[in-house]
Amino acid sequence: DRGPEQIETYRLVRSMIEGGAALAVMGNHEFNAVAFKTQHPEKPGEFLRPHTDTNRDQHDAFLDQVAEDSALHDEVIAWFKKLPLYLDLEDLRVVHACWHDDSIQTLRPLLDHRQRLIDGAWVDAASKGTDAYNAAETLLKGLEIPLPIGESFFDKDQNERHHIRTRWWEQSGGTYRSNAMMDDSTRAVLPDEPVSDDILPGYRGDKPVFVGHFWLRGTPEPMSERVACVDYTVTEPAPTGKLTVYRWNGEQKVSPVRFS
C-alpha cells in the first residue's frame, strides 16, 4: 500500500520464492488486501474488509497500480493467500509483528501444514470480535492489552482508547506506561502500574525472532537479545528512512553488528 513500484516488488519477491532463493511471511497489508477483495459468503454484496472510505483510502495506491478487479489483481490476491502467517524454522523464527504463543495456538486449527490460512478460515480470521481475528491482529500488528479499569487515553484523532499496543518483546514486565508504543506526550498520561506476566508474557523462546512492521528510526539495533526488527521506515527520505537487513549467521542472540 506504499511506494510507486508495488507490482514490481510483488514480481521480484514471488520470483525469488519460486526460485528457492527466499521465504516470506504475510503482513497486515497483504491480509487486508485479501479481506478487501474477498466477498463475505454469508452477506451478499459485502466483503470481509468493508469498503468504507477509510479502508479504501488506505488501499488506494495498491488498487490503482494493480487495476482493481483486473486479472492481475486476482493473481496477486491468490498469491498473497499462499503466504504463511509465520515461519518456525529449525534455528530461527519469522513473523510480521509479534511472536505470541497463545495467538499461534488459537490459529493452528485454521492453518495448513505450511502455516497458511485455509480457505474456510478467512471469514473467522477477518471478522472483528472473534478469537481468530484477535490472534491474527496480534501476529500481524502487535500485541494490544487492556488498560486497568477506568483508565484511557486519546489518540492523535482524539478517539478515546482503552487498549495499548505494547513492547511485546520485553522480558521484564514493566509498567503500562513503559510498555506502550506511542509518542512520549501520550504515554505520560498512562498509569505507571506494573503489567502482570499473564497479560504481557514477553518473548521467552530460545530461537531468535525476526520481525518488521514497526517503522523504527535511528540506528538499527536489537529489540532484545533474541528479537530483531528490520523495518526502519524505508519509505521516508534518507537519512531517516533506511533499507535494513539483518545478516543472520546462526547466532542465538541477535547482535547490532549484524545489521546493515
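Trainee: Hi! How many aromatic pairs are there in this one?
Mentor: The count comes to nine aromatic pairs. Keep in mind that this is a predicted model.

Trainee: Can you walk me through one? How do W79 and F80 sit relative to each other?
Mentor: W79 and F80 make a tilted pair, with 6.2 Å centre to centre and 50° between the planes.

Trainee: And is W79 buried or exposed?
Mentor: W79 counts as buried, because its relative accessibility is 9% and the cut-off for buried is under 20%. F80 is buried too, with a relative accessible area of 9%.

Trainee: Which residues form an aromatic cluster with those two?
Mentor: Y10 and F62 do; together with W79 and F80 they form one aromatic cluster.

Trainee: Got another pair for me? What about F210 and Y246?
Mentor: That pair is tilted as well, at 5.1 Å centre to centre and 45° between the planes. F210 is in strand β7 (residues 209–211), while Y246 is in the segment after β10 (242–243), so the pair ties together parts that are 36 residues apart in sequence. Both F210 and Y246 are buried.

Trainee: OK, on to the core. Which residues touch the most other members of the largest nonpolar core?
Mentor: That core has 60 residues, and the ones touching the most other members are F31, F80, L85, L117, I164, W168 and F214. F210 and Y246 belong elsewhere: a second, separate core of six residues includes them along with L92 and V254.

Trainee: Why would nonpolar side chains gather like that?
Mentor: In soluble globular proteins, nonpolar side chains tend to be buried together.

Trainee: Let me pick I164. What is I164 in contact with, leaving aside neighbours within four places in sequence?
Mentor: I164 is in contact with L143, E144, I145, L147, F153, Y176, A180, M182 and L190.

Trainee: Switching to helices. What's going on with α3, and where is the kink?
Mentor: The kink in α3 is about 60° and is centred on H59. Helix α3 covers residues 53–66, and its end C-alpha atoms are 19 Å apart; at 1.5 Å a residue its 14 residues should span 20 Å, so the two agree.

Trainee: Which α3 residues are buried?
Mentor: N55, H59, F62, L63 and V66. So H59 is both the centre of the kink and one of the buried residues of α3. The buried residues of this helix pack against α1 (6–18), α2 (28–37) and α4 (71–80).

Trainee: What follows α3?
Mentor: A67 does, and its phi is positive, near 65°.

Trainee: And the loop leading from α2 to α3, which residue could I look at there?
Mentor: Try E42, which lies in that loop. E42 is exposed, with a relative accessible area of 65%. E42 and V123 are 81 residues apart in sequence, yet 9.3 Å apart in space, C-alpha to C-alpha.

Trainee: Let's zoom out. How many helices and strands does the protein have?
Mentor: Nine helices and 10 strands. The C-alpha trace spans about 50 × 45 × 40 Å along its principal axes.

Trainee: What is the radius of gyration?
Mentor: The protein has 19 Å, and a compact globule of 260 residues would have a value near 18 Å, so the two agree. As for burial, 43% of the 260 residues count as buried.

Trainee: Last one: what share of contacts join residues at least 24 apart?
Mentor: Among contacts between residues at least 6 apart in sequence, 53% do.

Methods:
Residues numbered from 1 in each chain as written. Predicted model: local features only at pLDDT ≥ 70, side-chain atom pairs only at ≥ 80, totals over all residues. Heavy atoms only, no water. Helix = DSSP H or I, 4+ residues; strand = E, 2+ residues; numbered from the N terminus. Expected span 1.5 Å × (residues − 1). Bend = angle between axes of the 7 residues up to and from the residue. Buried < 20%, exposed > 50% of the residue type's maximum accessible area, 1.4 Å probe, protein only. Contact = heavy atoms within 4.5 Å. Core = buried A, V, L, I, M, F, W, Y, C linked by side-chain atoms within 4.5 Å. Phe/Tyr/Trp six-rings, centres within 6.5 Å; stacked < 30°, edge-to-face > 60°. Rg over C-alpha atoms; globule rule 2.2 N^0.38 Å.
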